[in-house]
Amino acid sequence: APICNPTEAPWGKKALPLYLGDDKKKWKEYDTVELIKKYKGPSFRILVDQGTADSFESADKKSKNEHQLRPDVLQKACDDAGIALCLRMQEGYDHSYYFISSFVQDHLKYHAAYLTGILRWCPDSLPSA
């Protein structure tokens with residue numbers, strides 16, 4: 001589960017200055033949502049898995065605007081840009097190693113298909129591009 005919009009997430013606001021300095025324009029070069037907003041290239045698909053029990057994206061944190069991962073913002077940016085996002089909300093999973101190990105094989109096959117042009121795996125449903 002990625003931090004999709006770190007320039008707007010509490011973690012990103014703390015970490016990005018430490019890595020990149022105080023220039024917020026520089027931060028946007030490392031923010032998926034900001035990169036998608038300005039993307040003008042060919043259409044492509046993105047695969048993201050997010051656990052529904054992830055404490056970094058809990059309802060309590062959302063109500064205080066302290067949520068970190070922001071998949072909803074990524075979804076909107078992709079919709080606006082015409083980029084097909086396959087956002088799989090995985091019921092009951094948190095942000096642990098078990099979550100990652102449960103879905104990493106799907107992601108490796110997904111990326112291998114892009115790199116080789118040979119479809120080896122496809123999610124159950126694909127958004128249209």
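R88 counts as buried in this predicted model, because its relative accessibility of 17% falls under the 20% limit set for that class. The side chain of R88 meets that of D106 in a salt bridge, with an N to O distance of 2.9 Å. This pair links distant parts of the chain, since R88 belongs to strand β2 (residues 84–90) and D106 to helix α6 (residues 97–116), with their positions 18 residues apart in numbering. In total, the count of salt bridges comes to 5, and the points below take up three of these pairs together with a nonpolar patch on the surface.

**The R88–D106 pair and its network**

- D106 is buried as well, because its relative accessible area is 19%, which is under the 20% cut-off.
- Salt bridges that share partners join R88 and D106 with D49, so that the three residues form one network.

**Salt bridges within helices**

- In helix α3 (residues 32–38), E34 and K37 stand 3 residues apart, which means that about one helical turn separates them.
- The side chains of E34 and K37 meet in a salt bridge, for which the N to O distance is 3.5 Å.
- The two partners fall into opposite classes of accessibility: E34 is buried, with a relative accessible area of 15%, whereas K37 counts as exposed at 52%, a value over the 50% that the exposed class requires.
- In helix α5 (residues 71–81), K76 and D80 lie 4 residues apart, again about one turn of the helix.
- The side chains of K76 and D80 meet in a salt bridge with an N to O distance of 2.7 Å, and both of these residues are exposed.

**A nonpolar patch on the surface**

- W11, L18 and Y19 form a nonpolar patch on the surface, and together these residues have about 440 Å² of accessible area.
- Y19, one of the patch residues, lies in helix α1, which spans residues 10–20.
- Y19 is classed as exposed because its relative accessible area is 65%, which is over the 50% cut-off for that class.

**Burial and exposure across the pairs**

- In the pair that links strand β2 with helix α6, R88 is buried and D106 is buried.
- In the helix α3 pair, E34 is buried while K37 is exposed.
- In the helix α5 pair, D80 and K76 are both exposed.

Notes: Residues are numbered from 1 along each chain as its sequence is written. This is a predicted model: local features need pLDDT of at least 70, side-chain atom pairs count only at pLDDT 80 or more; totals for chains, interfaces and linings use all residues. Side-chain values use heavy atoms; hydrogens and water are left out. Patches are made of residues with over 30% relative accessible area and no salt bridge: like charges are joined within 9 Å, nonpolar side chains (Val, Leu, Ile, Met, Phe, Trp, Tyr) within 5 Å. Accessible areas come from the Shrake-Rupley method with a 1.4 Å probe; for residues, only the protein chains shown count as cover. A salt bridge is a side-chain nitrogen of Lys or Arg within 4 Å of a carboxyl oxygen of Asp or Glu. Helices (H or I, at least four residues) and strands (E, at least two) are DSSP runs, numbered from the N terminus. Buried means under 20% relative accessible area, exposed over 50%, partly exposed in between (1.4 Å probe, protein chains only).
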